[in-house]
There are 2 protein chains.
Amino acid sequence: MFDVILKNIGKHITLSKEEEDYFTSKLVYEVYKKRDVVLEPGKVALYTYFVTDGCLKLYEYDNNGFENIITFVPKDWWNSDLYSFLTQQPATQYLQAIEKTELLKLSKTDLEDLYVKIPKFERFFRILHQNSHLALTNLVRNNSSLTAEEKYDKFVERYQGLELRITQKDIAAYLGITPEFLSRIKRKRKKMDS
Amino acid sequence: MFDVILKNIGKHITLSKEEEDYFTSKLVYEVYKKRDVVLEPGKVALYTYFVTDGCLKLYEYDNNGFENIITFVPKDWWNSDLYSFLTQQPATQYLQAIEKTELLKLSKTDLEDLYVKIPKFERFFRILHQNSHLALTNLVRNNSSLTAEEKYDKFVERYQGLELRITQKDIAAYLGITPEFLSRIKRKRKKMDS
């Protein structure tokens with residue numbers, strides 16, 4: 001059950017067997033059905049989530065009431081409404097399963113405690129925060145500078161194969177375009193490939 | 001010379017005298033005149049900068065050629081083109097002194113070395129990265145949801161007193177409005193205060 005997360009942690013830090021046991025004792029395993037909501041606006045994000053199987057989407061509604069998907073969270077990725085998790089103010093984003101999803105959640109309290117007990121986790125989450133800063137910067141830049149087609153190519157590159165499991169509606173909400181426009185892009189891409 | 005930065009570090013971690021000495025031995029002190037450029041697009045951000053006196057501005061040009069000020073960096077603040085610093089790809093942002101500025105710079109190599117020699121710095125920069133994530137999230141949210149007047153109020157609140165040292169042109173470039181529109185907001189605010 002903990003193989004995926006320990007391998008993920010192992011990318012940046014090396015834990016002893018005791019440290020691994022202490023860390024995994026703090027994780028809570030949960031299973032969500034397709035469309036189940038993991039976190040929603042108004043509630044405080046008490047946990048950060050690590051997906052061990054399946055896929056979540058992190059989204060919010062823009063001023064015009066359109067669903068704006070910020071990121072998909074497939075297997076081996078961490079996420080939460082990070083702003084809410086860090087500040088413990090109410091969330092503004094939804095975290096929802098787009099298919100049956102298994103995850104491990106870690107509470108803010110346990111994470112703070114982990115930093116003190118096993119300081120190596122400072123390094124792990126320092127790097128994770130760096131990466132999420134880079135991702136957020138990319139998101140802001142791409143939104144303002146790329147065409148819908150270029151965004152689609154970045155999406156396929158970023159989520160490798162995941163596009164087959166995500167609905168057309170969700171891909172369109174991630175790209176900020178209509179499902180009709182998405183179909184047009186995909187037809188064009190198909191022609192180019194054939 | 002190192003008082004300001006050691007106090008800044010002391011907000012999150014406690015260093016021994018030896019650790020302080022090791023850390024400060026890695027810092028390079030520099031003085032910039034008003035309008036001097038610290039970092040510019042095309043060059044790689046080899047350093048992160050800590051302002052000990054004066055003020056920098058971090059900015060880029062948008063697709064329409066308008067100067068877009070992302071943040072001011074007054075005394076006691078860290079900054080750089082963080083994307084470039086973390087990835088060592090060429091910068092896309094300018095870092096420039098808006099008045100005579102003294103700073104301490106720390107190279108990426110020395111920072112990586114610091115993480116290994118004094119792991120407490122992992123904690124310090126983990127927290128700093130968290131804060132910059134929150135700031136970036138706030139920036140994106142405010143840009144899309146606040147009126148120019150609300151942005152001005154946030155600006156005054158965020159930089160307490162600094163608005164007296166920044167040109168009207170730069171404040172307008174930060175708020176994303178014309179200097180004329182800024183004058184109108186300030187006249188309105190003055191009337192409300194009197």
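In this predicted model, Ala97(B) of strand β7(B) is the bridge partner of Leu56(B). That pairing belongs to a set of four bridges through which strand β4 of chain B, residues 55-61, and β7(B) pair in the antiparallel sense. Strand β7(B) also has a partnership with strand β2 of chain B, residues 37-39: two bridges join them, and again the two run antiparallel. Here Leu39(B) is the residue that stands opposite Leu95(B). In general, strands of a sheet pair through backbone hydrogen bonds, in either a parallel or an antiparallel way.

The side chains of β7(B), which covers residues 94-97, are worth a closer look. In a regular strand, side chains alternate between the two faces of the sheet. Along β7(B), Tyr94(B) and Gln96(B) point one way, while Leu95(B) and Ala97(B) point the other way. Are these residues of β7(B) buried or exposed? All of them are buried.

A further group of strands in chain B can now be introduced. Four strands form an open sheet in the order β1-β8-β3-β6, with antiparallel pairing. At the edges are β1 (28-32) and β6 (78-79) of chain B, each of which pairs on one side only. Within this sheet, strand β3(B), residues 47-53, is joined to strand β8(B), residues 101-107, by six bridges, and the two run antiparallel. Asp53(B) stands opposite Glu102(B) of β8(B). Lying across β3 and β8 of chain B is helix α4(B), residues 108-117, which runs at about 60 degrees to β8(B).

Attention turns next to helix α5(B). The 26 residues of α5(B) should span 38 Å at 1.5 Å a residue, and the end C-alpha atoms are indeed 38 Å apart, which agrees. Which residues of this helix are buried? They are Phe121(B), Glu122(B), Phe124(B), Phe125(B), Arg126(B) and His129(B). These buried residues pack against α1 (3-9) and α4 of chain B, and also against α5 (120-145) of chain A. Helix α5(B) thus leads on to the relation between the two chains.

Two copies of a chain are related by a rotation about an axis and a shift along it. For this pair, chain B can be laid on chain A with an RMSD of 0.0 Å by a turn of 180 degrees and a shift of 0.0 Å along the axis. That is the relation of a two-fold axis. Which residue of chain B comes closest to the rotation axis? It is Arg126(B), whose C-alpha is at 2.1 Å; Arg126(B) is also one of the buried residues of α5(B).

The contact between the chains takes 20 residues from chain B and 20 residues from chain A. On the side of chain B that touches chain A, the elements that give two or more residues are α3 (82-87) and α5 (120-145) of chain B. The largest share, 13 residues, comes from α5(B). By class, this side of chain B has nine nonpolar, eight polar and three charged residues. Of the interface residues of chain B, 100% are also interface residues in chain A, so the copies meet through the same surface.

Some individual backbone features complete the picture. Most residues other than glycine have a negative phi. Gln88(A), however, has a positive phi, near 60 degrees. Gln88(A) is found in the loop between α3 (82-87) and β7 (94-97) of chain A and is exposed, with 10 other C-beta atoms within 10 Å. In chain B, Arg35(B) likewise has a positive phi, of about 80 degrees, although it is not a glycine. Arg35(B) has its place in the loop between β1 and β2 of chain B, and with 9 C-beta neighbours inside 10 Å it counts as exposed.

Two later helices of chain A can be added. Helix α6(A), residues 148-159, has 12 residues and reaches 16 Å from its first C-alpha to its last, close to the 16 Å expected at 1.5 Å a residue. After α6(A) comes Gly161(A), with a positive phi near 90 degrees. Helix α7(A), residues 168-175, contains Gln168(A). With 13 C-beta neighbours inside 10 Å, Gln168(A) counts as partly exposed. Apart from neighbours within four places in sequence, Gln168(A) is in contact with Pro179(A) and Leu182(A). Gln168(A) and Ser183(A) are 15 residues apart in sequence, and their C-alpha atoms are 8.2 Å apart in space.

Notes: Residues are numbered from 1 along each chain as its sequence is written. Chains are lettered from A and ligands numbered from 1 in the order in which they are written. This is a predicted model: local features need pLDDT of at least 70, side-chain atom pairs count only at pLDDT 80 or more; totals for chains, interfaces and linings use all residues. Copies are superposed by least squares on the C-alpha atoms of residues with pLDDT of at least 70 in both. Two residues are in contact if their C-beta atoms, placed from the backbone, lie within 7 Å. Ala, Val, Leu, Ile, Met, Phe, Trp, Tyr, Cys and Pro count as nonpolar, Asp, Glu, Lys and Arg as charged, and the others, Gly among them, as polar. A residue is buried if 20 or more other C-beta atoms lie within 10 Å of its own, exposed if 12 or fewer, and partly exposed in between; C-beta atoms are placed from the backbone. Two strands pair if DSSP finds at least two bridges between them. Axes are lines fitted to C-alpha atoms, for helices over the stretch in contact, and angles run from 0 to 180 degrees between N-to-C directions. The expected span of a helix is 1.5 Å times one less than its number of residues.
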